Amino acid sequence: MENTQSIRAAIIGAGPRGTSVLERLLARSAVHRAGSAGALKVHIDVVDPYPAGPGHVWQPQQSRLFLMNTQSFYPTLIPEDPSLPAPLAGTSFDKWRERQQRDPLPSLTADERAELAVLESNDFPSRALYGRYLRSTLEDLLDKAPDGVTVQFHETSAVSVRPAGDGTFDVGLATGETLRTGSVVLALGHIPSRLNPEQRELQAAAEHLGLQYFPPAAPADVDWSRIPAGEPVLVRGMGLNFFDTMVQLTEGRGGKFISGGGRLEYEPSGQEPLIIAASRRGTPYRAKAALDGYYPASVTLRYLTEAALERFRRAGIRPGFDHDLWPLLHRDTLWAYYSTLVRAQPAAVPDRAAFLAALEEALHPHAHSAANWEDSVESVLAVHVGPRHRLDLPALAAPLAGRTFGSRTELDAAVVEYLLDDARRSALGEDDPVKMAIGALHHGRAVLKTAVADGGITDASWVAGLRGWFESFVEGLASGPPALRSEQLAALARAGVVSFVGPDPKFGVDRRTRLFTASSPWVEGPPAAARTMVEALAPGNRVSANDSPLLGQLLADGAVRPRLMMTAEGAPVQSTGLDVVPHPYRPVAANGAVTGSMYVLGLQLSSNQWGTAIAAEAAHPGYPSYRSGQRTLRDADEIAAAILAG
């Protein structure tokens, strides 16, 4: 008589992370069926109010002006690790793109076909098209689902998960239905977040004074038509969400960017507002360099390497970020800059061979103590490199620091100069020393993701170093938009459609004039003022500030808890993510118990993993790949294996 095993699992969240778990469950179920005499019945409930595959962020219906922050060759939903069970269907986004160009799906819309017709491997696709890839891949997977596996999608929200008393869970849905399941996967992605005190004050003032306040939100969720044409609008934040705001309020309203005379110009439609942009740095993120791969091929890490991490492990050292890891990456950054400088600008360093030999000696980790290696480097630079060609990392991240401006007009001119210089450097790609220094930081992030995961560094250095200063520093340099966006912003500023507030802005409300205000201590003149304010920021990824009914219930019931970390002074601080134990990641309850059949994947792992928001990285032959590139897919595989073993 055949032995039949029955397994039920619920995946809460149907975006890329939840879909990865579903893909792994299908792949592992097929392996089980092929290699076992016993039958396996698996039922998977997938719960999300948004369509499965794209989920919330990657909706195919959103504006095609919203671009991904990675090129076509980068992302994948499908693992390429040969040690994992083979996928039943699907490819990377880039291979899917090529297939659609050769043999397009009949269901593709005219807009999707038009984008695909001109989209190349090095181009930045729209988020809408990536959502179409996710949906198409899910459909292919479901077509290949093995016998005995059923999948049911519930386009609604999960509002509760509670133990049912017999090793199972009851998942409560917003419809009033309850699902009984043996395992629960929390793949919640971006969740609503409560506003901070300052944002609540601004929102309350707007309601009282008849102003418009747009809190942090996914750009696809914002009703941009509510922002009136011809009026000022204050926009806080100049990261990636800012460029979505910028393009939606300009090109999205009929304006046109026109190439001519060696630079980009903007032709207004007359429907634009006057965008007044502000951020702590006073400038947007630096643009990505023009490269053939995700990482610059001319940069190879010499110091922050897997071998260096292994040396720490063998010595029984849990490294600190500022003391152990950053000095290695700092060396790599300096070497990338100066080795590119002597290659691309040979006149900058007269005696190139002697300089590189001396620099290499000064950078060697064992040649000098941690206290004086930077002094040794400075001594070498003083002999060989003039001040104009030196690397100033802090200045790269804060290009307006130490400057004052007599007016916002003067500031605007300085920001345009910065934008055009940055775009010029991006166009030089591997031949620009600044962009290759940033490229080393980009390489280093991939190694750091492995180094710091699962308690790989001390709590104190996670709080004060990695998250305390390095994260914002490196994001401003290495997580920027395509260079085209910098050129467009410069064109908009020259056309008078965009202006800037300046560094360290202070926001407020003038109740007498009934206006939002923003001013910088480094810019003279009256504050900028507007009846509308937009927070060009993503909702905060902090579980303790969540506004999710489900996560709120789990926290209130004590089924999960935020992770506490200890500062160098011994004070506990609440970190951004859930407290979990690996592997696979299972949440720790308020009483310290571990819930054996509940699993966490994605953004809520931000206290165990760093950089949880980015997609999995497809293999790109001829270019470096790092273990961290497909970490989230391996996490999904571990979850699937644990569910089926249960």
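Here are a few questions and answers about how some helices and strands fit together in this predicted model.

Q: Is H7 roughly parallel or roughly antiparallel to H8?
A: Let's start with the angle: helix H7 (residues 306–314) packs against helix H8 (residues 321–344) at about 160 degrees, with the axes 12 Å apart. Angles over 145 degrees count as roughly antiparallel. That makes H7, relative to H8, roughly antiparallel.

Q: How do the residues of the contact of H7 with H8 divide into nonpolar, polar and charged?
A: First, who's taking part? H7 brings Ala-308, Leu-309 and Phe-312, while H8 brings Asp-324, Leu-325 and Leu-328. Asp counts as charged, and Ala, Leu and Phe count as nonpolar. So the split comes out as 5 nonpolar, no polar and 1 charged.

Q: Which strands stand at the edges of the open sheet of 3 strands?
A: Look at the order, which is E15-E16-E17 with antiparallel pairing. An edge strand here has a single partner, so one of its sides is left without a neighbour in the sheet. That description fits E15 (506–510) and E17 (528–530).

Q: Which residue of E16 stands opposite Asp-510?
A: Strand E15 pairs with strand E16 (residues 515–519) in the antiparallel sense, over 5 bridges. Across from Asp-510, in E16, you'll find Leu-515.

Q: Which helix lies across E15 and E16?
A: We've just seen E15 and E16 pairing with each other. The helix lying across them runs at about 25 degrees to E15, and its residues are 197–209. That's helix H5.

Methods
Residues numbered from 1 in each chain as written. Predicted model: local features only at pLDDT ≥ 70, side-chain atom pairs only at ≥ 80, totals over all residues. Heavy atoms only, no water. Axes fitted to C-alpha atoms, helices over the stretch in contact; angles between N-to-C directions. Helix = DSSP H or I, 4+ residues; strand = E, 2+ residues; numbered from the N terminus. Parallel < 35°, antiparallel > 145°, perpendicular 65-115°, else oblique. Contact = heavy atoms within 4.5 Å. Pairing = 2+ DSSP bridges.
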